[in-house]
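Look at the model below before reading on. The paragraphs after it go through its domains, its nonpolar cores and its aromatic rings in turn.

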Amino acid sequence: MTYTKILFQSFILILFCAATANAQEVLTLESAVKIALENNYEIKIATNNLTIQKTNVAIGNAGMLPTVTANVVDNNSIQNSSQTRQDGTETELDNAKNNSLTYGVGLDWTIFDGMRMFARMDQLKELQKLGEAQLKLTLITRISDVNAAYYDLVQQRQQLAALDTTIVISNQRLTLAQNRFTIGKASKLEVLNAQVDLNTDQVALLRQKELYANSKILLNQLLARDVASDFKVIDVLKVDSLLLLQELKALAEKQNPQLEAQIINKRVAELELKQIKAARYPTVRVNTSYNFSESQSSLGFVAESQSRGLNYGFSASLNIFDGFAQNRNEKIAKIQIENSKLNIDQQNLVLNSQLATSYQTYLTNLELIALEEKNESIAKQNLNITLDKFRIGTITTLEFRTAQLNYVNAKVRYSNAQFQGKLSEIALRELAGNLIF
């Protein structure tokens with residue numbers, strides 16, 4: 001049987017599998033990313049945290065608005081009282097009732113605090129930017145995971161196709177061995193060896209199917225949907241071979257979320273120092289209130305009284321000495337700023353190191369892809385020749401099996417090389433902060 005005929009039968013088998021899978025959802029990478037953006041729990045939590053940061057950016061939270069309070073105080077008492085006046089007369093009353101009711105509205109407003117409120121407002125805005133950077137980091141990380149899991153499935157699907165092909169070849173080999181045994185041109189041992197090799201290939205196929213099914217569950221988990229959702233992925237795995245290290249570095253300096261977060265943390269620390277320094281200036285507050293007051297007394301010169309009216313004024317305070325706490329707080333804040341600068345330098349170093357190592361891995365994987373593609377072509381030609389020789393009985397079953405395994409292994413290695421190359425590409429884009437989502 002010729003290699004062309006075997007390939008034709010393999011093609012028919014693949015068409016049958018494709019027809020069976022028509023009922024499955026065709027999940028593209030773009031669709032998977034969209035589902036993850038909508039459903040992933042970590043993304044939802046990071047989005048909620050950003051909403052909290054946005055809500056906190058308010059002039060009232062910065063202390064720029066007055067506080068208005070309504071209050072009511074009602075005091076009542078029942079007492080046994082006695083009074084002796086200056087003229088010597090005495091007055092006594094048991095169970096004397098007294099009550100006092102005061103209610104009103106008051107306003108208190110800090111109109112100057114050494115510009116602390118403005119520094120606080122700027123800090124709240126920076127914290128919102130920090131939340132945006134953290135959300136971006138979560139998005140990139142989770143989308144990177146989705147990309148890796150998706151292309152892992154693509155690779156495994158390619159390996160399933162390779163194992164399907166070897167099953168077809170092993171079946172043909174068993175049929176040929178049985179025919180040769182029937183006409184007395186082969187021993188029973190050749191038939192048994194062919195059957196054992198076919199069983200081995202079927203075991204490998206079952207293991208691969210198990211791995212493929214478990215990987216589907218993992219991707220469904222990342223998409224935060226029913227883990228039993230069935231789907232199929234595309235069968236093309238293409239690596240972008242045009243990435244340049246200098247361009248990636250330039251992008252990383254501008255949009256890497258971890259570096260961006262460190263830069264924002266430095267600005268937050270600087271604004272914290274401004275707020276601390278504001279304590280060196282006086283704090284001025286204005287206040288006003290409108291109150292109603294009523295009182296009744298069973299004993300005394302005044303039996304009942306009422307009053308209402310407006311109160312207003314201002315207060316100012318200045319810290320003169322606080323046990324050197326002000327100096328200590330400013331010193332600590334300056335150290336925090338220095339630490340934030342060191343964190344930026346450290347993050348830059350780590351980022352450049354990761355880019356350099358990942359890019360070297362990327363270049364190596366590109367070379368491996370080209371090499372494994374050639375190996376697969378050579379193994380294919382070798383199998384073709386071996387099949388023809390095996391058909392006419394000029395080579396042993398061992399030589400045939402070796403050629404068969406070499407071809408399957410070459411296809412698997414080529415698929416692995418493409419997958420590793422894709423992982424390198426994803427890692428570089430993740431570091432550069434331009435992973436498309």
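**Domains, cores and rings**

The centres of domain 1 and domain 2, taken over C-alpha atoms, are separated by 73 Å. This holds for a predicted model. The domain assignment splits the chain so that domain 1 takes in 25-63, 113-282 and 323-432, while domain 2 consists of 68-111 together with 284-317. Both domains are thus built from separate stretches of the chain.

Next comes the nonpolar interior. The largest nonpolar core contains 52 residues. Within this core the residues with the most contacts are Leu-27, Val-146, Tyr-150, Tyr-151, Leu-219, Leu-223 and Leu-355. Two or more residues come from each of these elements: helix H2 (29-39), helix H4 (116-182), helix H5 (188-222), helix H6 (245-255), helix H8 (325-392) and helix H9 (397-432). Which of them gives the most to this core? That is H4, with 13 residues.

Leu-355 can serve as an example of how such a residue is surrounded. Leaving aside neighbours within four places in sequence, Leu-355 is in contact with Leu-245, Leu-248, Lys-249, Ala-252, Leu-428 and Leu-431. Another core, of 10 residues, lies apart from the largest one. Phe-390, Phe-400, Ala-403 and Tyr-407 are among its members.

The aromatic rings are the next topic. The count of aromatic pairs comes to six. One edge-to-face pair is formed by Tyr-290 and Phe-292, with 5.3 Å from centre to centre and 70 degrees between the planes. Are these two residues buried, partly exposed or exposed? Tyr-290 has a relative accessible area of 36%, so this residue is partly exposed. Phe-292 has a value of 22% and therefore is also partly exposed, because buried means under 20%. Together with Tyr-103, Tyr-290 and Phe-292 make up one aromatic cluster.

Phe-321 and Phe-324 provide a further pair. Their ring centres are 5.2 Å apart and their planes stand at 85 degrees, so this pair is edge-to-face. Phe-321 is exposed, because its relative accessible area is 58% and the exposed class begins over 50%. Phe-324, at 55%, therefore counts as exposed too.

Finally, some rings have a charged group over them. The charged end of Arg-180 sits over the ring of Phe-390, at 5.9 Å from the ring centre. Phe-390 was named above as a member of the core of 10 residues. Likewise, Lys-188 has its charged end over the ring of Phe-181, 5.4 Å from the centre of that ring.

Definitions and conventions
Residues are numbered from 1 along each chain as its sequence is written. This is a predicted model: local features need pLDDT of at least 70, side-chain atom pairs count only at pLDDT 80 or more; totals for chains, interfaces and linings use all residues. Side-chain values use heavy atoms; hydrogens and water are left out. A nonpolar core is a set of buried Ala, Val, Leu, Ile, Met, Phe, Trp, Tyr and Cys residues joined through side-chain atoms within 4.5 Å. Buried means under 20% relative accessible area, exposed over 50%, partly exposed in between (1.4 Å probe, protein chains only). Helices (H or I, at least four residues) and strands (E, at least two) are DSSP runs, numbered from the N terminus. Contact means heavy atoms within 4.5 Å. Rings of Phe, Tyr and Trp (its six-membered ring) pair if their centres lie within 6.5 Å; planes under 30 degrees apart count as stacked, over 60 as edge-to-face and the rest as tilted. A charge sits over a ring if NZ of Lys or CZ of Arg is within 6 Å of the ring centre and within 35 degrees of the ring normal. Domain bounds come from an automatic or database domain assignment.
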